[in-house]
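Please read the following walk through a model of two chains with the coordinates open beside the text. It takes one chain, then the contact between the chains, and then the other chain.

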Amino acid sequence: MGFLHRHRNLTPYLLLGPGLLYLALFFVVPLGFLAYQSLESGNFDVGYSFTWAWGNYWDAIKNYRGHFIRSLEYAGIATILALVFSYPLAYWIAFRGGRWKNLLLLFIVAPFFVTYLIRTLAWETILADQGPVVSVLRDVGILGHDGRLLATSTAVVAGITYNFFPFMALPLYVSLEQIDGRLIEAAQDLYASKWKAFLRITLPLSLPGVVAGTLLTFIPAAGDFINAQLLGAPKNHMIGNVIQSKFLELTDYPAAASMSFVLMAAILIMVALYARAVGTEKLTG
Amino acid sequence: MTVGENGNPDVRLVDVTKRFDDVVAVDRLSLEIEHGSFYALLGPSGCGKTTTLRMIGGFEQPTEGEIYLGDAEVSSLPAYKRDVNTVFQSYALFPHLSIFENVAFGLRRRSIRGQTLTGQVNEILRLVGLEGMGKRKPSQLSGGQQQRVALARALVNKPRVLLLDEPLGALDLKLRKQMQLELKGIQHDIDITFVHVTHDQEEAMTMADKIAVMNHGRIEQLGTPTELYETPATAFVAGFLGVSNLIPGTVSSSDTVQLRRGPEVRVRPEALQGRTGEVAVGIRPEKIALGEGQSNTLDGTIVEEAYVGVATQYIVETACGRLTVYRQNASPGLNGASPGQRLTLSWSPDSTFVVDSLEGPE
């Protein structure tokens, strides 16, 4: 302790250091490399050279505009669905869970014990044309005689909703759980019905959780490709699918890199608009 | 909302029982609280005082019995439909709302808007001494100021009854004393019935004009602070309100008690209230004189002396056990009674009370 005591002003740097170093090595450096790649031209066989090829960005937007829009659309719908489904669930666990709270939370996290890919493959089986869900829906007439779920946008959005559900439910639970029950009693004491007390007290106080959950769901969902690949048809493919195939199959690194940056920019714009709409102070609680 | 102007008490509980599973928190409790009174429910933790308050507020439903506000039976009405407001123990201010919006919360729920709303909120903020603080958030205020916001938020609605659940518990001693007097003043000015729950006998005695001392879910004794202090009905009340010396004895005539290991002492016949057999005689420490002079006497030896400013406290060993005696330090340099000294204690029959048994609190 002697050293730290003498150099107390160094302590913040020692605490920040490891994390910053890690991010610098594994985030900033690769990102810089990716930026460099995005401005290269050439192909895998003849090699790539740095030519300030801004055209890559133009091509990405021009050729894959539909994929970008679809990605934001699917991610947006899945985020809203996850919010709608998990808010009542998180609310119930936080206020009525009692001694079952921890067990119920474990159920929310339980899917993480199985890998992402396997979970999505399981959904492929569940939604398959011969699967139980489709046959029931066909019998009751919600789906036509040869209607299907697999390879539709519904399946992709459902898969994303499911896979990112815990990222929404957990922050919601945390912010709801912190709300002092006496505040709701106080609201009822001041002539607010249960519903009014929810609208005026519980909901605003849980907004930091809503914002955190929304961002944690929307951001990775917009870049996802597993769900579209396994549960969707090519017409449901998202920009993640394109980036993945450009990088790994077509080895068109400049195109893939520039698309990654366009996606990043699109997400940042959406998040900025969202933060503006809900008020930035909600981001920090 | 204007029921009960025909002389009915503001709050009336009839045989109210509250059970939580097997635990009886409140046991066939009946009470009446007159309009405009400052009524304290006083007792140790677990005596049922908070549960009683929560049933009046609508946060708990009685298992049995009836609760009246004015002449309306309300035990099945939810809290938000009762003309009652609460100052919560922890204040329970809404952290995301400004002071103004906290205070305006109840008025907005009752569709009061515009100038009327602003006027009423600012007026009540002025009353509690928080003028101009409306734009701040609760976290920017001190504990004492938060307490005032909680009070303003309840009072602005001009309820029939204001419930206060240990409202001063979180404040330091000096501020608490100050707020006790302020609360009493505010209550006097606005003419609203206050029901106050506390475990602090001094706080109850300072503020309330009626105190119900509760124990095990029932009212042990109901009375003014003076009645409770001067003539406690039970050993529990005698012990809970201030210090008292209780000496066991047997009733020997209509105005005497034979102390078990001491002389016979005189009491007022009213104090006996027809009791016979085993009783306990009680004397408050400040009513015992060091030296002869009063008709009841007891010999003893001083074993401890403690100067506490306003008075000096003596512990005196007697044949009937150790007695506590206070002598007021009315003038400096009173010739000292000191440990080891033998003397006679004396007190008047008029300041002697009698209780049933010696089953007091710890």
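**Chain A, the contact, and chain B**

Chain A has 285 residues, of which 33% count as buried. The model is a predicted one, and the values given here are computed from it. The secondary structure of chain A comes to 12 helices and two strands, and when these elements are read along the sequence they follow the pattern α-α-β-β-α-α-α-α-α-α-α-α-α-α, with the two strands placed after the opening pair of helices. Taken along the principal axes, the box filled by the C-alpha atoms of chain A is roughly 75 × 75 × 35 Å. Of the contacts in chain A between residues at least 6 apart in sequence, 69% join residues that are at least 24 apart.

From chain A we can pass to the place where the two chains meet. The contact draws 15 residues from chain A and 17 residues from chain B. On the side of chain A that touches chain B, helix 8 (181-189) and helix 9 (194-222) each supply at least two residues, and the largest share, six residues, comes from helix 8 of chain A. Sorted by class, this side of chain A has eight nonpolar, two polar and five charged residues.

Chain B is divided into domain 1, which covers residues 11-230, and domain 2, which covers residues 235-355. The centres of these two domains of chain B, taken over C-alpha atoms, are separated by 38 Å. Where the domains meet, seven residues of domain 1 of chain B are in contact with five residues of domain 2 of chain B. On the domain 1 side, the elements that give two or more residues are strand 9 (210-215), strand 10 (218-223) and helix 7 (225-230) of chain B, and the residues of that side divide into three nonpolar, three polar and one charged.

Further along chain B, a set of strands can be followed by starting from strand 16. Strand 16 (residues 296-307) of chain B pairs in the antiparallel sense with strand 17 (residues 311-318) of chain B over seven bridges, and within this pairing Ile302(B) has Val316(B) in strand 17 as its bridge partner. The two strands form a hairpin with three residues between them, and Gly309(B) in the turn has a positive phi of about 90 degrees. Strand 16 of chain B also pairs, again in the antiparallel sense, with strand 19 (residues 342-347) of chain B, here over six bridges. In that second pairing, Gly300(B) stands opposite Leu343(B) in strand 19 of chain B.

Key. Residues numbered from 1 in each chain as written. Chains lettered and ligands numbered in written order. Predicted model: local features only at pLDDT ≥ 70, side-chain atom pairs only at ≥ 80, totals over all residues. Pairing = 2+ DSSP bridges. Helix = DSSP H or I, 4+ residues; strand = E, 2+ residues; numbered from the N terminus. Nonpolar A, V, L, I, M, F, W, Y, C, P; charged D, E, K, R; others polar. Buried ≥ 20, exposed ≤ 12 C-beta atoms within 10 Å, placed from the backbone. Domains from an automatic or database assignment.
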